[in-house]
Amino acid sequence: MAMAMAIEVSIWRGRANGRYQTFTVPLDQSQTVLDVVTWVQRKLDPTLAYRFACRVGMCGSCAMTVNGRPRWTCRTHISKVVEAGRVEIGPLANMPIIKDLVCDMAEFFAKWQRAKGAFAPGKSRHDPIERISPAAAERVAADAAIECINCAVCYAACDTVRWNENYLGPAALNRAWTLVNDVRDAGQRERLAALAADGGCHACHSHHSCQEHCPKALSPVRSIAGLKRRSLEAYVRGEL
Amino acid sequence: MKSHTTAHRKSGLWIAAMVHRLSGLALACFLPLHFLALGLAIDGEAQLDRFLAWTANPWVKLAETTLVFLLTVHLLGGVRVLLLETLPWREGHKQLATAAVAAAALAAIAFLVRAA
Ligand code: SF4
Ligand code: SF4
Ligand code: FES
């Protein structure tokens with residue numbers, strides 16, 4: 001069926017107490033949700049605030065809520081999400097809104113720090129470079145999880161994040177899982193302690209919403225289940 | 001913001017987690033009553049007869065059937081989560097959760113048929 005020539009686009013304006021504003025946007029071939037937002041900002045209202053950078057699904061900065069579902073907008077065709085000639089675009093949930101489609105990700109990234117999501121070096125430049133075989137069990141375990149682009153789609157889709165402000169969230173825990181499997185890392189004990197603490201991996205209810213929404217088809221819930229196992233093993237061994 | 005935050009709740013595994021939670025809550029309310037009734041029943045024969053007559057009431061039967069469903073679905077749901085959290089990862093949790101609900105429904109129906 002041929003698509004209509006134009007669609008009604010409702011875009012969130014203002015902060016938490018803002019409202020949706022509706023624009024009419026002409027349809028184009030292979031148009032993405034991000035293209036639609038950009039068209040509105042360039043042609044109708046230059047004060048519209050939104051984020052993007054790469055436009056090809058690499059940087060993770062363009063995520064928004066489209067018809068109630070968090071998505072990466074640069075890789076989502078508008079034809080896929082339009083319902084009866086309409087689409088609703090809002091900022092990601094679970095983060096404070098700065099303006100329009102831009103939310104404040106400070107807490108999201110602070111949680112990466114709390115999850116000890118940074119590599120802890122244990123060697124100096126004088127040591128030989130460690131060889132990691134692509135077939136090593138740890139490397140294989142982290143294979144998928146390292147593809148995360150930090151888009152926060154999973155974080156916005158997670159009800160445990162919504163209900164428990166302490167919860168580190170799927171993205172930070174997924175990142176931690178990649179490091180837990182990094183044999184070069186020297187901060188494993190502290191990391192596992194941070195991950196097993198209140199608000200850590202054990203707070204996850206295995207809803208799988210993170211896995212269902214991740215645009216990179218990653219499975220944070222799988223990484224988190226791995227963390228639950230690792231911390232249980234460490235606890236049994238008396239290391240935690 | 002209205003529709004912003006609910007689309008993910010249509011997923012089967014989100015519903016499974018909610019069923020697990022709510023069945024747990026319902027059991028916590030339901031079970032004390034159940035044991036209270038049983039406790040009264042074993043107080044004496046006359047009491048027991050009265051209790052048995054009471055359990056013949058279709059509403060009581062329905063309530064007990066619900067209890068059987070809640071117990072089974074909560075038990076199997078709990079086993080699924082334990083498997084997920086302690087064994088190496090495997091896909092197919094949607095199917096497992098569906099099977100748990102189906103098994104619980106079967107158990108409840110079997111109970112109802114036998115009780116009727
Ligand atoms: S599985 Fe865990 S992290 Fe993923 S959405 Fe559910 S509660 Fe959040
Ligand atoms: S795990 Fe997926 S949804 Fe979550 S931040 Fe990474 S890429 Fe985005
Ligand atoms: S703009 Fe970079 S991922 Fe969409």
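## A tour of chains A and B

Start at A:Leu240, which sits in the segment after helix H10 (220–236) of chain A. What you have open is a predicted model. Show the surface here. A:Leu240 is partly exposed, at a relative accessible area of 39%. That places A:Leu240 between the 20% limit for buried and the 50% limit for exposed.

Now add A:Leu232, A:Tyr235 and A:Val236 to the selection. Together with A:Leu240 they make a nonpolar surface patch of about 430 Å². A:Leu240 can belong to such a patch because its relative accessible area of 39% is over the 30% that patch members need.

**Next stop: A:Arg237**

Select A:Arg237. This residue is also placed in the segment after H10 of chain A. Is A:Arg237 buried or exposed? With 54% relative accessibility, A:Arg237 counts as exposed, since the cut-off is over 50%.

Keep A:Arg237 selected and add A:Gly85. Draw a distance between their C-alpha atoms. The separation is 59 Å. Along the chain, the two residues are 152 residues apart.

**Zoom out to the whole of chain A**

Colour chain A by secondary structure. You should find ten helices and seven strands. Turn chain A along its principal axes. The C-alpha atoms fill a box of roughly 65 × 35 × 35 Å.

Now colour by domain. Domain 1 of chain A covers 6–103, and domain 2 covers 106–236. Their C-alpha centres lie 29 Å apart. Where the two domains of chain A meet, 13 residues of domain 1 are in contact with 16 residues of domain 2.

Switch to colouring by accessibility. Of the 240 residues in chain A, 49% are buried. The exposed area of chain A is about 12,000 Å², and carbon and sulfur atoms supply 51% of it. What share of contacts in chain A between residues at least 6 apart in sequence join residues at least 24 apart? The share is 62%.

**Inside chain A: A:Gln31**

Select A:Gln31. Look for the loop between strand S2 (19–26) and helix H1 (33–44) of chain A. A:Gln31 is buried, because its relative accessible area of 7% falls under the 20% cut-off.

What does A:Gln31 touch, leaving aside residues up to four places away in sequence? Show the side chains of A:Val25, A:Pro26 and A:Val36. Then add A:Thr76, A:His77 and A:Ile78. A:Gln31 touches each of these six residues.

**Last stop: chain B**

Hide chain A and bring up chain B. Colour by secondary structure again. Chain B has four helices and zero strands. Read from the N terminus, its elements run α-α-α-α.

Turn chain B along its principal axes. Its C-alpha trace spans about 55 × 40 × 25 Å. The radius of gyration of chain B is 18 Å, whereas a compact globule of 116 residues would have one near 13 Å.

Colour by accessibility once more. How much of chain B is buried? The figure is 24% of its 116 residues. Chain B exposes about 7,300 Å², with carbon and sulfur atoms supplying 74% of that area.

Finish with the contacts in chain B. Take those between residues at least 6 apart in sequence. Of these, 77% join residues at least 24 apart.

Notes. Residues numbered from 1 in each chain as written. Chains lettered and ligands numbered in written order. Predicted model: local features only at pLDDT ≥ 70, side-chain atom pairs only at ≥ 80, totals over all residues. Heavy atoms only, no water. Patch = residues over 30% accessible without salt bridge, like charges linked within 9 Å, V, L, I, M, F, W, Y side chains within 5 Å. Areas by Shrake-Rupley, 256 points an atom, 1.4 Å probe, with all protein chains shown as cover. Salt bridge = Lys/Arg side-chain N within 4 Å of Asp/Glu carboxyl O. Helix = DSSP H or I, 4+ residues; strand = E, 2+ residues; numbered from the N terminus. Buried < 20%, exposed > 50% of the residue type's maximum accessible area, 1.4 Å probe, protein only. Rg over C-alpha atoms; globule rule 2.2 N^0.38 Å. Contact = heavy atoms within 4.5 Å. Domains from an automatic or database assignment.
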